[in-house]
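Here is a walk through the structure, one region at a time. Keep the 3D view open and follow along.

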Number of protein chains: 2
Amino acid sequence: MSTFEHLLAERTKRMGASAIREILKVVSQPGMISLAGGFPAPDSFPLELMNELSVRVLEKYGSRALQYDLTEGFIPLREALVGYFERINLEVPAEKILISSGSQGFLDAIGKVLITKGDKIGVEAPTYLGALQAFNPYEPLYTRIHMDEDGVIPESLEETVTKENVKFVYLVPTFQNPSGRTTTLDRRKKIADILQKYNVLAIEDDPYSALRFRGIPVPPLKSFAPEHVVYTGTLSKVLAPGLRIGFIAAPELIRKWLVLAKQGVDLHTSTFNQAIASEYIAGGYLYEHLPKIIQLYKPKQEAMLKAMESHFPSDFKWSRPEGGMFIWAEGPENSDMEKIYWKCVERKVAFVPGKFFFTVKGEGSETMRLNFTMVDNDKIEHAVMTISEILKENL
Amino acid sequence: MSTFEHLLAERTKRMGASAIREILKVVSQPGMISLAGGFPAPDSFPLELMNELSVRVLEKYGSRALQYDLTEGFIPLREALVGYFERINLEVPAEKILISSGSQGFLDAIGKVLITKGDKIGVEAPTYLGALQAFNPYEPLYTRIHMDEDGVIPESLEETVTKENVKFVYLVPTFQNPSGRTTTLDRRKKIADILQKYNVLAIEDDPYSALRFRGIPVPPLKSFAPEHVVYTGTLSKVLAPGLRIGFIAAPELIRKWLVLAKQGVDLHTSTFNQAIASEYIAGGYLYEHLPKIIQLYKPKQEAMLKAMESHFPSDFKWSRPEGGMFIWAEGPENSDMEKIYWKCVERKVAFVPGKFFFTVKGEGSETMRLNFTMVDNDKIEHAVMTISEILKENL
């Protein structure tokens, strides 16, 4: 019996077991009501349609749907996405659209292409953990950009890009994971100006913007600074995450290198799934099905917000996002939501303590992320009440 | 208009446009008879069965087939693979089997987990290009292990692992791409002894062993040194590459790190495709369908070998593999198969000049790889005759 500890690469230590994974292990215990996840509701998937589309793509494309394909992506899917992009104010020709194996596949590729050990990356505080997980093996340092209820604070972004020599900034401008916040239109324009003024590259990760329950859509950051933003979207929240389909519009030089990086990583994304996705979009099913997903999530979010208003301690504030999958709550300064988490878990309710989404240790201990897409409607009030009781008992 | 050339990571230069990609661009010209590819024949895909299985998995697993899933892989697929492994003399419990997005996804992950810039990797001469493409971004150096008609030469392996401090050796022991060679049983045992004696880790990449037309199956290298070999297989050649399903059996420490690496790269492989793959294997369809693929390829290979015997110049020698997808031919020393390639392309026949599969510049200029799975039966003799004529005119 041999151990190969000595063979591990230097970078590998950066990929170690994460604290959040450890604490969330208990979430799968039987009887747990989880507000901790980030999964779409299983009943949001168009099962019958999937059936139809699978059969149809095998008929339409035959063996082509099962063969190796271009690293850039299946051409009919890229053609279908042109219209998708147009609806969100982005003009991207099919041949410039890239397909990735989920947005995660793109985040890994951007890390591979851009990050040399020790490079600084600007990220929101709080930020999306999956992005850090994708970037970490390339050994960057993180520098944080502050946010408030209106999203990224442009002055903080400007300070970051002028004081720190960042390789790029990573942003989730709409219904951010974890905070649910949306960077306002006005701020997007200011951010675009900053990117252009200082020639800074931004990654705009946009998995949630289609899940808008209320209010007016805000065009993507990329629409205000097309040459300075790499935009990535996904079908994980509007079709099915199990297909692992993401898509990208990037400045030309970045696009070319992303293709080469992806070729080494997975050759290409599943042709069969891309063919299904192309039918879903080109056939107009996405825009037929999307209102059903929204009709599923909106009442859940409303119920959760209502329960929080009725029960949460008065010294808490929380986001009221116009869409997405998360509500972000902040308690009094220095309160410890990990402590609260463990007490809630004893009472079979789980959420995510917000501190795990911060790159600076010690920040965010007073915050929590609540997901509303996976919880049954009739359990929402009970879950929020339980958390509220424990908060009141312990703070 | 901005360019971000200055943002590229140091590693990125290693991922540049490859010479082989450039020369193979002409292969897609209309009318070209290509022996250059490495694709399975489109008529080897069980289209109707795919139809059936897609419908069945949606019925059987419902939304689970479309949801996020474990990074390690979809449990029913891993359970089905236990029997697959048993048939090739490997005992691997389901919970230790990993699923990857094609073998390529695994090769990237192993590079990420093990290679620090400047590390030495032992590879066969010639070797599989996709592996180099997966490893290159992690900036290794390559040291070559010599082969002959019986596969890897154990003495050359021993010299490599004793003289060079290699991180691991990468081997394709059965019907190797590009050479078609199979390392003999006797040599496998010797190689296993060397791995154990010097505590060296080997990657055994095995996409082709199921495509055996003749002769007796040779157990995988891993069966002789289970704790020193990471084994990877794929469904790309026995079901459909468009599903991007690979599978892995690794020593425990390596297994754990591969999971963490994969999580950052794509979260998990398509659940839907894994569900289809699990039905394909667990339902016994793989072993029903495989003989049909063999019946498709065997006559093609026989026709190509026969045509080569009739037409190739007498100073050429070539492999007569008992399976796989490739025939490897070697001309007189110092002959230049890239020159021959361009002349063949003018006459609408393509192959791959073998020098591109060597990590040492200048080696292999006299070699060529011929693929027989993608060419129509009635074009094989014409293609071989054309190459033969050009060889005779130019050497």
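## A strand in the core of chain B

Let's begin with strand β7 (residues 202-205) of chain B in this predicted model. Ala202(B) and Glu204(B) point one way from the strand, Ile203(B) and Asp205(B) point the other way, and all are buried. That pattern fits a general rule: in a regular strand the side chains alternate between the two faces of the sheet.

Who sits beside β7(B)? Strand β6 (residues 166-171) of chain B is joined to β7(B) by three bridges, and the two run parallel. If you want a pair to click on, take Val169(B), whose bridge partner in β7(B) is Ala202(B).

## The eight-stranded sheet of chain A

Over in chain A, eight strands make an open sheet with mixed pairing, in the order β2-β9-β8-β7-β6-β3-β4-β5. Which strands are at the edges? They are β2 (97-100) and β5 (151-152) of chain A, and each of them pairs on one side only.

At the β5 end, strand β4 (residues 141-148) of chain A pairs with β5(A) in the antiparallel sense, over two bridges. Met147(A) is the residue that stands opposite Val152(A) in β5(A).

## A helix lying across that sheet

At the β2 end, look for helix α3 (residues 75-87) of chain A. This helix lies across β2 and β9 (246-249) of chain A, running at about 110° to β2(A). Its buried residues are Pro76(A), Leu77(A), Arg78(A), Ala80(A), Leu81(A), Tyr84(A) and Phe85(A). Note that an arginine, Arg78(A), is on that buried list. The buried residues of α3(A) pack against β2, β9 and α9 of chain A.

Just after α3(A) comes a backbone detail to check: Asn89(A) takes a positive phi of about 70°.

## The smaller set of strands

Chain A has another open sheet to look at, with four strands in the order β10-β11-β14-β13 and antiparallel pairing. β10 (317-318) and β13 (352-353) of chain A stand at its edges with a single partner strand each, so one side of each has no neighbour in the sheet.

At the β13 edge, two bridges join β13(A) to strand β14 (residues 367-371) of chain A, and these two run antiparallel. Val352(A) has Arg369(A) as its bridge partner in β14(A).

## How the two chains relate

Now zoom out to both chains. A turn of 180° with a shift of 0.0 Å along the axis lays chain A on chain B with an RMSD of 0.0 Å. That is the relation of a two-fold axis. The same surface serves both copies, with 99% of the contact residues of chain A recurring in chain B. Which residue of chain A comes closest to the rotation axis? By C-alpha, that is Ser54(A), at 3.3 Å.

The contact takes 68 residues from chain A and 67 residues from chain B. On the chain A side, the elements giving two or more residues are α2, α4 (102-114), α5 (129-135), β6 (166-171), α8 (252-266) and α9 (271-282). The top contributor there is α8(A), with nine residues. By class, the chain A side has 35 nonpolar, 23 polar and 10 charged residues.

## Helix on helix between the chains

Helix α2 (residues 47-61) of chain A meets helix α2 (residues 47-61) of chain B: their axes come within 10 Å and cross at roughly 175°. The two helices are therefore roughly antiparallel to each other. The contact is made by Leu47, Met50, Asn51, Ser54, Val55 and Leu58 of α2(A) and Leu47, Met50, Asn51, Ser54, Val55 and Leu58 of α2(B). Those residues divide into eight nonpolar, four polar and no charged.

## Two residues to compare

Leu66(A) is in the loop between α2 and α3 of chain A. Is Leu66(A) buried or exposed? Leu66(A) counts as buried, because 27 C-beta neighbours lie inside 10 Å. Leaving aside neighbours within four places in sequence, Leu66(A) is in contact with Thr271(A), Phe272(A), Phe45(B), Met50(B), Ala240(B) and Gly242(B). Asn273(A) is 207 residues away along the chain, yet the two C-alpha atoms are separated by 9.5 Å.

Arg144(B), in strand β4 (residues 141-148) of chain B, counts as partly exposed because it has 17 C-beta neighbours inside 10 Å. Beyond four places in sequence, Arg144(B) is in contact with Val123(B), Ala125(B), Thr359(B) and Val360(B).

Key. Residues are numbered from 1 along each chain as its sequence is written. Chains are lettered from A and ligands numbered from 1 in the order in which they are written. This is a predicted model: local features need pLDDT of at least 70, side-chain atom pairs count only at pLDDT 80 or more; totals for chains, interfaces and linings use all residues. Copies are superposed by least squares on the C-alpha atoms of residues with pLDDT of at least 70 in both. Two residues are in contact if their C-beta atoms, placed from the backbone, lie within 7 Å. Axes are lines fitted to C-alpha atoms, for helices over the stretch in contact, and angles run from 0 to 180 degrees between N-to-C directions. Angles under 35 degrees count as roughly parallel, over 145 as roughly antiparallel, 65 to 115 as roughly perpendicular and the rest as oblique. Ala, Val, Leu, Ile, Met, Phe, Trp, Tyr, Cys and Pro count as nonpolar, Asp, Glu, Lys and Arg as charged, and the others, Gly among them, as polar. A residue is buried if 20 or more other C-beta atoms lie within 10 Å of its own, exposed if 12 or fewer, and partly exposed in between; C-beta atoms are placed from the backbone. Two strands pair if DSSP finds at least two bridges between them.
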